[in-house]
Amino acid sequence: MKLFAACYTGLHKRRRWLVLLLLLLAVGSVWNLSRLKIEESIVAMLPDGKSRSAKDFELLTKAPFARKLIIHLRAAPGAGVEGLLAATDQLRASLPGELFSNSVSGPKDMGTSALMSELGDYLPLLLDRKELRQIAGQLNPESVDASLAADVTQLLQPQGIALKNKIRRDPLDLQRLALQKLRFLNPFPGVRVDKGHFLSRDGRSSLILADTPVLMTDAAGGRKLLDAFNRARVQLPEGISAELLSGHPYTVANAETIQGDLRVVLLASAVGILVVFVVFLRSLRALPVFLLPLFSMAAALVMASLWFDKLSGITIGFGAVLLGITIDFGLHVYFALQLGDNSRPQLLQAVSRPVLFGGLTTLAAFSVLLRSELPGQRQLAVFSIAGITAALLLALLVLPHFIGKREESTGLGRERNPASLYARRPRLRWLVLLSWVGIAGFCAFAAQGLRINGELRQLGYMPPELQKAEKRLAEVWGGGRNRALIFASAADLDMALQRNEQVWQSLVEHGVQDESVSLAPLLASRQTKRQRVDDWQVFWRERRATTEDLIRAGGEKYGFSPDAFAPFFSGLDNPPKDLGIETLQRWGLGRLLDNLLLKDNNSYQLVSLVPDRPELISRLDSELAAMPGVALVSQTRFGKELSREIGIDFSRFIIFAGLGVVLLLLILFRRLPEVFLALLPVVTGLVVMFGAMTWMGLELNLFNGVASILIIGLGVDYGIFMVCHGQHKEYLASSRAIVVSGLTTLVGFGALVLARHPALHSIGLTVLLGISASVPTAVLVIPAFQKKAG
Amino acid sequence: MLNMRWSSVIFLILLMVFPALCRAETADLKVLLNELKIASAQTRTLSSRFVQEKHLAIFSEKLLSQGRFVFQGPDSLRWELLTPVATGFVLRGSRGERWNSLNRELERFSVKDNPIMGVVAQQLLAWARVDLDWLEQRYHMELITLHPARLRLTPLDPGEAGFIDYLQILFADNRRHVDEVLLMEKGGDSTLLRFTDVQLNIELPEAIFSPPEFR
């Protein structure tokens with residue numbers, strides 16, 4: 001690497017230009033930051049592309065109530081229903097409309113809505129052949145007599161006054177068959193309606209549903225929403241409590257946990273870095289080394305913002321931490337120049353080779369993230385590649401001019417080099433090797449049981465009180481929010497309705513209709529309605545005379561006048577009215593319709609909710625896959641699918657990163673023994689990391705998956721440095737540089753283990769495990785196999 | 001000309017007398033309502049038989065039935081038909097059961113879930129308690145005769161007025177309970193209830209507000 005030595009000599013007298021360059025980079029970065037669009041959402045960490053999980057995720061966001069705010073009010077024992085309902089109205093009125101829009105605390109009073117009085121008029125459109133057969137079974141003297149007797153009984157009672165006209169129109173109570181269909185519209189099995197309010201069966205819980213313009217992933221907006229809710233909640237009377245359930249409390253809790261974690265982690269990191277500095281560097285000359293990550297990050301920000309319209313906050317945060325590793329390049333250059341015996345150009349020439357190849361292998365490892373399904377990981381790849389490239393250039397071209405003159409070595413010196421130690425004490429070499437084989441072997445065995453977890457919710461911080469609130473909601477109102485969804489889509493409504501009917505038919509065949517929610521029984525396609533009307537007309541053409549005779553005979557027995565049921569028979573002659581969306585809206589079912597019938601610019605989607613049981617989902621899945629325009633999405637299956645995709649992604653990362661690294665190592669060393677030696681730290685780091693994770697009951701997730709790429713990048717660097725160190729005659733102080741860089745990584749990343757947030761914690765733990773294995777392998781095991789040149 | 005003069009005189013006299021008559025009627029109504037209020041305040045329990053006579057167009061003949069009505073303050077009821085079919089309901093607060101001997105079914109209900117039963121329960125309780133405040137909010141009251149006390153009530157609620165023309169209530173001489181209720185529907189159908197064997201403030205068996213057991 002004579003180039004860098006030549007550059008050093010050439011730029012030696014032009015340091016001002018370098019300062020100017022750094023200033024320009026800093027100013028450019030600050031200017032860029034001021035106009036950078038940062039996306040404060042986790043969307044970037046969710047799959048996009050065309051994968052199944054990406055499609056599933058898109059559909060899951062359309063789930064009924066997924067976008068709703070649900071407020072669950074509870075009355076303490078002893079508090080009456082009246083008080084609960086009054087508190088519900090009070091809370092609803094005190095929620096600000098700009099944050100809580102379209103709030104409802106219940107449907108209209110079903111008993112007095114047009115639905116109950118009109119439903120019977122739509123029987124021809126609602127009843128299918130099976131239900132017509134049920135009616136046919138009812139058309140015999142005994143059943144008709146029983147129906148008419150029930151009518152007389154009703155008419156004799158006080159409520160008979162209100163039921164008289166209904167009985168005249170429907171003496172056989174055929175409307176009950178249509179009424180049964182309404183139960184398939186109820187997403188909350190535990191709900192009843194009281195004075196127009198949603199009320200639980202035990203009368204101690206009520207609900208308010210609302211929309212909000214605040215995005216589920218907007219932490220700042222979520223905080224405002226929660227504050228407004230809390231202000232309204234404190235006004236509730238004693239004995240009434242309220243909980244807000246939506247994605248917002250999770251987003252806010254996560255954002256606030258991360259903020260709290262960052263304070264702890266940054267403090268711990270700062271203290272750790274200071275300790276490393278005091279113990280190993282003890283010189284102000286080393287300060288530029290610590291500025292290197294800052295300038296690398298500035299360059300990364302400029303590049304990434306030029307590449308992407310919007311950058312995810314997570315990418316920037318995670319990327320900034322990742323770029324902390326670029327300090328390693330600076331440390332190697334610093335130690336080589338400070339502790340080496342030769343001239344600076346010579347030392348730079350010697351150290352530039354491992355630094356450059358170490359950087360290239362790290363770049364190779366991160367570049368595999370460019371093919372990730374997650375946009376955030378792709379952003380992270382660009383960010384890291386830009387930052388690492390900048391760090392390499394800065395470390396080799398700029399840093400040597402700013403780290404002052406060489407001073408006498410202190411602390412770890414050549415005398416303490418492990419290779420020389422092993423030469424003096426051969427038993428120590430065997431002890432190290434046996435320990436290494438033992439630990440790596442044990443971890444390799446344990447690593448076989450490593451599980452991959454794609455459950456997104458587990459990556460977030462789940463406050464226990466929110467989990468309890470979710471559980472209470474499910475207990476009181478049923479698991480409406482946790483059911484699997486089936487989407488029947490088409491460009492026109494009628495086709496979507498036809499597909500929805502096919503889905504319903506399938507649910508009936510599987511015997512799960514009573515646990516499902518669907519519009520299909522109530523809102524039929526044109527073709528089905530036509531068929532039903534034809535069947536209805538044929539049915540009554542064949543049975544009308546018999547029915548008239550039966551009713552007349554039965555009616556005479558109970559004293560009914562001959563024309564008592566004329567409205568029923570004239571109703572059979574009336575042309576059926578159409579039953580469409582407008583009718584359902586008039587019946588007060590508009591909100592349910594909004595949740596179960598979705599419309600965008602290009603298509604209609606009808607949503608059915610089914611129990612999210614794995615065995616049912618797998619049975620339905622294969623069956624529904626054959627239906628065009630039908631998609632099944634299940635939370636549990638989504639988690640499994642995402643796990644599978646993460647697994648595939650991760651295997652691909654490891655394979656491609658491994659191939660890239662091996663290729664670079666072959667180019668660098670051109671000898672297999674050195675290549676294998678250089679790979680020892682990374683292989684050991686990964687094996688120990690996976691093994692220890694399995695042993696500790698941890699799982700591989702989206703975040704620690706990325707962290708393991710980091711272990712690959714860093715581990716290979718350590719290997720390259722140690723192997724190069726052994727090959728070069730010059731003393732490059734690589735052991736010390738590796739130990740110090742390992743320690744900076746441990747205090748930088750490992751401090752994340754103190755975080756409460758599961759994602760940060762898992763990153764911290766992963767890095768802690770991987771680096772803790774990589775560094776000793778590089779520093780102790782590689783010298784056990786290799787003698788120092790010269 | 002003479003007729004016209006006499007007509008004018010009569011008209012003037014009527015003009016002077018009518019407000020006085022109205023005032024007298026209003027005053028009488030107030031007195032009656034006051035008496036009813038005082039009398040009903042003493043009612044703790046009420047048990048009676050009744051005969052129901054329904055004249056409905058959909059039946060060729062009038063429907064006669066007999067039953068039993070039991071009330072215990074503040075909100076327990078038993079309304080039961082004994083003939084021609086055993087059917088009825090009991091109410092305790094906002095919840096109750098209704099039964100029908102024909103299908104031998106017992107059904108639980110809540111007045112909150114069942115708006116029709118809610119209205120029925122509210123009406124029966126209002127009459128049993130002679131809850132005049134509630135009745136005055138819902139009906140325009142007219143005194144027909146003071147002795148016997150007979151009121152005519154016209155519903156104010158448009159929904160109720162849609163099918164009920166008016167109610168005519170006859171009170172017992174002692175003003176302590178209702179003797180007769182005539183309900184006239186808009187289409188001409190009517191229901192007449194005559195209460196007999198009325199017993200006030202007697203001790204009621206505990207099981208009276210429980211439904212019968214069907215085996």
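Trainee: How many residues does each chain bring to the contact between chain A and chain B?

Mentor: The contact draws 24 residues from chain B and 21 residues from chain A. Please keep in mind that this is a predicted model.

Trainee: Which elements of chain B supply at least two residues each to the side that touches chain A?

Mentor: They are strand 2 (63-72), strand 3 (76-83) and helix 2 (115-129) of chain B. Helix 2 of chain B gives the most, with 5 residues. Sorted by class, the side of chain B that touches chain A has 15 nonpolar, 5 polar and 4 charged residues. In general, the size of an interface is often expressed as the accessible area lost when the parts come together.

Trainee: How many helices and strands does each chain have?

Mentor: Chain B has 4 helices and 11 strands, and chain A has 31 helices and 14 strands. Buried residues make up 24% of the 215 residues in chain B. In chain A, 47% of the 790 residues count as buried.

Trainee: What can be said about contacts between residues far apart in sequence?

Mentor: For chain B, consider contacts between residues at least 6 apart in sequence: 40% of them join residues at least 24 apart. For chain A, residues 24 or more positions apart account for 83% of the contacts with a separation of 6 or more.

Trainee: How should I read the pairing of strands?

Mentor: Strands of a sheet pair through backbone hydrogen bonds, and the pairing is either parallel or antiparallel. In chain B, strand 1 (residues 45-55) pairs with strand 2 in the antiparallel sense over 10 bridges. Within this pair, Lys54(B) stands opposite Leu63(B). Strand 1 of chain B also pairs with strand 11 (residues 190-200) of chain B, again antiparallel, over 9 bridges. There, Ser47(B) has Gln199(B) as its bridge partner.

Trainee: In what order do the 4 strands of the open sheet in chain A lie?

Mentor: The order is 11-12-10-13, and the pairing is antiparallel. Strand 11 (597-599) and strand 13 (630-633) of chain A are the edge strands, each pairing on one side only. From one strand to the next, the twist averages 25°. Strand 11 of chain A is joined by 3 bridges to strand 12 (residues 604-610) of chain A, and Leu598(A) stands opposite Gln605(A) in strand 12 of chain A.

Trainee: Which helices pack against these strands?

Mentor: Helix 21 (residues 493-509) of chain A lies across strand 10 (484-490), strand 12 and strand 13 of chain A, running at about 15° to strand 12 of chain A. Helix 26 (residues 614-625) of chain A packs on the sheet and touches strand 10, strand 12 and strand 13 of chain A. The direction of helix 26 of chain A makes about 160° with that of strand 13 of chain A.

Trainee: Why is helix 15 of chain A described as largely enclosed by the rest of the structure?

Mentor: The reason is burial: 13 of the 13 residues of helix 15 of chain A are buried, so the helix is largely enclosed. Helix 15 (residues 327-339) of chain A reaches 18 Å from its first C-alpha to its last, close to the 18 Å expected at 1.5 Å a residue.

Trainee: Why does Ile135(A) count as partly exposed?

Mentor: A residue is buried if 20 or more other C-beta atoms lie within 10 Å of its own. Ile135(A) is partly exposed because it has 19 other C-beta atoms within 10 Å. Ile135(A) is found in helix 7 (residues 129-138) of chain A. Ile135(A) and Leu177(A) are 42 residues apart in sequence, and their C-alpha atoms are 9.2 Å apart in space.

Technical notes: Residues are numbered from 1 along each chain as its sequence is written. Chains are lettered from A and ligands numbered from 1 in the order in which they are written. This is a predicted model: local features need pLDDT of at least 70, side-chain atom pairs count only at pLDDT 80 or more; totals for chains, interfaces and linings use all residues. The expected span of a helix is 1.5 Å times one less than its number of residues. A residue is buried if 20 or more other C-beta atoms lie within 10 Å of its own, exposed if 12 or fewer, and partly exposed in between; C-beta atoms are placed from the backbone. Two residues are in contact if their C-beta atoms, placed from the backbone, lie within 7 Å. Ala, Val, Leu, Ile, Met, Phe, Trp, Tyr, Cys and Pro count as nonpolar, Asp, Glu, Lys and Arg as charged, and the others, Gly among them, as polar. Two strands pair if DSSP finds at least two bridges between them. Axes are lines fitted to C-alpha atoms, for helices over the stretch in contact, and angles run from 0 to 180 degrees between N-to-C directions.
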